[in-house]
Amino acid sequence: MKSYDRLFIDGEWVKPVEGGTFQTVNPSDETVLADVAAATAEDVDLAVGAAREAFDEGPWPRMSGAERGAILRKIAAGIRERLDELAQIEVRDNGKPLPEALWDLGDAAGCFEFYAGLAETLDANAEKPVALADGRFSSIARKEPIGVAGAIIPWNFPMLMAAWKVAPALAAGCTMVLKPSELTPLTALELAGIASKAGLPRGVLNVVTGLGQDAGAPLAEHPGVDKLAFTGSVPTGSRIMQSAARDIKNVSLELGGKSPFIVFDDSDIEAAVEWIMFGIFWNQGEVCSATSRVLVQRKLYAPLLERLTEQARKITIGDGLQQDVLLGPLVSRGQYDKVREAISRGEAEGARRLTGGERPAHLAKGYFIEPVVLADVPEDSWIWREEIFGPVVCVRPFDDEAEAVRSANDSRFGLAAAVMSSDLARCERVARLMRAGIVWINCSQPTFTEAPWGGYKQSGIGRELGEWGLNNYLEIKQITRYESDQPWGWYIKSERSE
């Protein structure tokens, strides 16, 4: 691997002020992948200062939306030109299978293309007349970029999560400081290089790599940041929100989930098993929206469990660069230990482990774990209620629709949910009863750049993707004008009135 010991600040590759590095590890074989620049508060201050100057004095917010869109399209093209190389980096850094990494990188390029399109239409839609009751005045509502955005992204979809934040922010005319996870920092640095080559003005996108307490916290607390966008855990999101509260910063949070999947007994069992597996074993279950709580109507419960267990045992596990691998390692030793502990706790609380949970016999190294099916999971157990972020599916039976909806909604989370039935009217009815920001019918996990993404309750604040993602980075300004040729007459009296 090439060197990653520099930060990208103000259009330049610079060493951290203190010159430190940290190591990122290949989770498939536990070897050191690269030494990466370790930013501290001083580096974050430099990055925010560069973004501030680029916003206040630079050309980016003053360009037309069409001009910004053209550069976003060049960024997308740059990603596509290096798709295979970037996917290989992502596999080594994160562990996911290569086909999934290629999919993610294609989606990342598509995200830049989508927001290029919105940027190109932004000028025409930036101002909207407002009808007023008093004809002596006219008013418009104007969309303007919010300013300097700080973005902190997770490790499960490294380049894609960067695109979800960088693309709409740049389309809106904002400047940004991006802080990737210390577990998967490499493709964020590659994105900086691609953006620079595409002609992005200096200071518009800055990338600082480093540990959360050393780089993430200073970014969240920096008074020069106007907007904070975070994807990650609820505890970290809560701390970021507290930091933002001190300066009354605009915040959007996409946090955790414990998403339910209701399967009625008129469902096709093969289709149900396929979507259940995709909903929890895709990306090793390291997905915030993973449908990890499965509720199966009692008549279908036993045969579905049998088929699900059988199919889970057939999943090919290994290094993500090997052909036909469907399940790679977990991202780190810490995540591996956390998932193993969660499985043990679930069994201690009464869940029945039908399969999985061990290291595959043919893999001596790496953070690999066999996909887990837990049955008869008590509704009040920790493992039923808390996010695990691993290939662990919890299953329990239900008798009727009302019970299923009640159980599905009985959660502090509300990111996503799914329902499956051959009765589409029932699916539509249940979907509208779900207290979740995303609901899938007869499927699980399809994600589209055009549609809103975000959750209810402790799953977050705000929406990403689609036009809603662009609105995250826009302020609304009212401009009102007095149109009458007559004096207002509140204090200064005209000579005629005297």
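The following exercises, each with a worked solution, concern a predicted model of a protein chain.

**Exercise 1. Overall form**

Task: Determine whether the protein chain is as compact as a globular protein of its length.

Solution.
Step 1. Begin with the secondary structure: the protein chain contains 15 helices and 22 strands.
Step 2. Compare the radius of gyration with the globule rule. The chain has a radius of gyration of 25 Å, and the rule gives 23 Å for 498 residues; the two values are close, so the chain is as compact as a globular protein of that length.
Step 3. Add the dimensions. Along its principal axes, the C-alpha trace spans about 90 × 55 × 40 Å.
Step 4. Consider burial and surface. Of the 498 residues, 55% count as buried. The chain exposes about 20800 Å², of which carbon and sulfur atoms supply 51%.
Step 5. Examine the contacts with a separation of 6 or more: residues 24 or more positions apart account for 73% of them.

**Exercise 2. The nonpolar cores**

Task: State which residues touch the most other members of the largest nonpolar core, and which helix gives the most to this core.

Solution.
Step 1. Recall the general tendency: in soluble globular proteins, nonpolar side chains tend to be buried together.
Step 2. Identify the central members. The largest nonpolar core has 103 residues, and Ile-75 and Phe-112 touch the most other members.
Step 3. Find the main contributor. Helix H5, residues 158–172, gives twelve residues to this core, the most of any element.
Step 4. List the partners of Phe-112. Beyond its neighbours within four places in sequence, Phe-112 is in contact with Leu-72, Ile-75, Ala-76, Ile-79, Ala-163, Val-166, Ala-167 and Leu-191.
Step 5. Note the second core. This separate set of 29 residues includes Leu-330, Ile-343, Cys-394 and Val-419.

**Exercise 3. A lysine in a strand**

Task: Decide whether Lys-179 is buried or exposed, and list its contacts.

Solution.
Step 1. Locate the residue: Lys-179 belongs to strand E8, residues 175–179.
Step 2. Apply the cut-off. Buried means under 20% relative accessible area. Lys-179 has 3% relative accessibility and therefore counts as buried.
Step 3. List the surroundings. Leaving aside neighbours within four places in sequence, Lys-179 is in contact with Ala-151, Ile-152, Ile-153, Val-208, Gly-210, Leu-211, Gly-212, Ala-215, Gly-216 and Leu-219.

**Exercise 4. Helix H6**

Task: Check the length of helix H6 against its expected span, and state how many of its residues are buried.

Solution.
Step 1. Obtain the expected span. A helix is expected to span 1.5 Å times one less than its number of residues. For the twelve residues of H6 (residues 186–197), this should be 16 Å.
Step 2. Compare with the model. The end C-alpha atoms of H6 are 17 Å apart, which agrees with the expected span.
Step 3. Consider burial. H6 is mostly covered, with nine of its twelve residues buried; among them are Leu-186, Glu-190, Leu-191 and Ala-195.
Step 4. Look beyond the helix. Gly-199 follows H6 and has a positive phi, near 100°.

**Exercise 5. Positive phi outside glycine**

Task: Describe the phi, place and exposure of Asp-10 and of Asp-324.

Solution.
Step 1. Recall the general rule: most residues other than glycine have a negative phi.
Step 2. Examine Asp-10. Its phi is positive, near 55°, and Asp-10 lies in the loop between strand E1 (7–9) and strand E2 (12–14). With 24% relative accessibility, Asp-10 counts as partly exposed.
Step 3. Examine Asp-324. Its phi is also positive, about 70°, and Asp-324 lies in the loop between helix H10 (298–312) and helix H11 (333–348). At 59% relative accessibility, Asp-324 counts as exposed.

**Exercise 6. Cysteines**

Task: Establish how many disulfides the model contains, and describe Cys-288 and Cys-394.

Solution.
Step 1. State the criterion: a disulfide needs two cysteine sulfur atoms within 2.5 Å. The count comes to zero disulfides.
Step 2. Check Cys-288. The nearest cysteine sulfur, that of Cys-111, is 15 Å away, and Cys-288 is in no disulfide. At 13% relative accessibility, Cys-288 counts as buried.
Step 3. Check Cys-394. The nearest cysteine sulfur, that of Cys-288, is 17 Å away, and Cys-394 is in no disulfide. With a relative accessible area of 0%, Cys-394 is buried.

Definitions and conventions
Residues numbered from 1 in each chain as written. Predicted model: local features only at pLDDT ≥ 70, side-chain atom pairs only at ≥ 80, totals over all residues. Heavy atoms only, no water. Core = buried A, V, L, I, M, F, W, Y, C linked by side-chain atoms within 4.5 Å. Buried < 20%, exposed > 50% of the residue type's maximum accessible area, 1.4 Å probe, protein only. Helix = DSSP H or I, 4+ residues; strand = E, 2+ residues; numbered from the N terminus. Contact = heavy atoms within 4.5 Å. Rg over C-alpha atoms; globule rule 2.2 N^0.38 Å. Areas by Shrake-Rupley, 256 points an atom, 1.4 Å probe, with all protein chains shown as cover.
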